[in-house]
Amino acid sequence: MRTLLPVSALLVALAAANPAQAHAFLDHANPRVGSTVPTAPRELTLSFTQNLEPSFSTVTVSGPGGRVDQGKPQISGNTMRVGLKALSPGTYHVRWRALSVDTHTTQGSFTFKVGGGT
Ligand SMILES: [Cu+2]
C-alpha cells in the first residue's frame, strides 16, 4: 500500500502542470494547412493558441525555387505574419518555430499549394 501513494501523487502533479493550453500550437493558417490556393498569396499568416515571444519565433517558407519568405516575421499577440515573394505554381513548405510567453518552444511544418490555373 505504501508504494501506491507516490504514484498517485505524481499523477496529480502532472495533471496540474498540464492545463488545456500549455503551449503555443498552430491554431490556423492562411493559406490554410494542406490547401491549394488558386492565386499566389502575398503573405503567410499563422495564428497560435497562445501569445508568442517575438524575438524567438520564426517561420520559413520554401518552394520549388528555394526560400520565398521575406525574412523576419512580424509578430503581434498570437499571430505571426511574413511577406512572400512572387510564388510560381507549386508546393510550398512552411516550417515554424514558436516560443510562447510561458517560455515553451513548439515547432511544426505543413505544406500548401499554389495552383497553376490549368
Ligand atoms: Cu507551454
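This short presentation describes the strands, two sheets, aromatic pairs and a few loop residues of one structure.

Good morning. The model is predicted: local features require pLDDT of at least 70, side-chain atom pairs count only at pLDDT 80 or more, and totals for chains, interfaces and linings use all residues. Residues are numbered from 1 along each chain as its sequence is written, and side-chain values use heavy atoms, with hydrogens and water left out.

I begin with the sheets. Strands here are DSSP runs of E with at least two residues, numbered from the N terminus. Two strands count as paired if DSSP finds at least two bridges between them.

One open sheet holds four strands in the order β1-β3-β7-β6, with antiparallel pairing. Its edge strands, β1 (26-30) and β6 (74-76), each pair on one side only. From one strand to the next, the twist averages 15°; the axes behind such angles are lines fitted to C-alpha atoms, and the angles run from 0 to 180 degrees between N-to-C directions.

Within this sheet, β3 and β7 are antiparallel and share five bridges. Glu 43 has Gly 83 in β7 as its bridge partner. β6 pairs with β7 (residues 79-83), again in the antiparallel sense, over three bridges. Here Gln 74 is matched with Arg 81 of β7. The hairpin of β6 and β7 has two residues between the strands, and Gly 77 in that hairpin takes a positive phi near 65°.

The other open sheet has five strands in the order β2-β9-β8-β4-β5, and its pairing is mixed. β2 and β5 stand at the edges with a single partner strand each, so one side of each has no neighbour in the sheet. β4 and β5 run antiparallel and are joined by two bridges. Gly 63 has Gly 66 in β5 as its bridge partner.

I turn to the loops. Is Gly 65, in the loop between β4 (58-63) and β5 (66-67), buried or exposed? Gly 65 is exposed, with a relative accessible area of 79%. The cut-offs are under 20% for buried and over 50% for exposed, with partly exposed in between, using a 1.4 Å probe and protein chains only. Gly 65 and Gly 90 are 25 residues apart in sequence, and their C-alpha atoms are 9.5 Å apart in space.

Ser 35 lies in the loop between β1 and β2 (36-37). Its relative accessible area is 17%, so Ser 35 is buried. Apart from its neighbours within four places in sequence, Ser 35 is in contact (heavy atoms within 4.5 Å) with Thr 111, Phe 112 and Lys 113.

Phe 112 leads to my last topic, the aromatic rings. How many aromatic pairs does a search of the whole structure find? The search finds two. Rings of Phe, Tyr and Trp (its six-membered ring) pair if their centres lie within 6.5 Å; planes under 30 degrees apart are stacked, over 60 edge-to-face, and the rest tilted.

Phe 48 and Trp 96 form an edge-to-face pair, at 5.0 Å centre to centre and 75° between the planes. This pair links distant parts of the chain, 48 residues apart: Phe 48 is in β3 (residues 43-48) and Trp 96 in β8 (residues 90-99). Both Phe 48 and Trp 96 are buried.

Why is the pair of Tyr 92 and Phe 112 stacked? Their ring centres are 5.8 Å apart and the planes stand at 25°, so the pair is stacked. Tyr 92 in β8 and Phe 112 in β9 (residues 105-114) are 20 residues apart, and their pair also links distant parts of the chain. Tyr 92 and Phe 112 are both buried.

Thank you for your attention.
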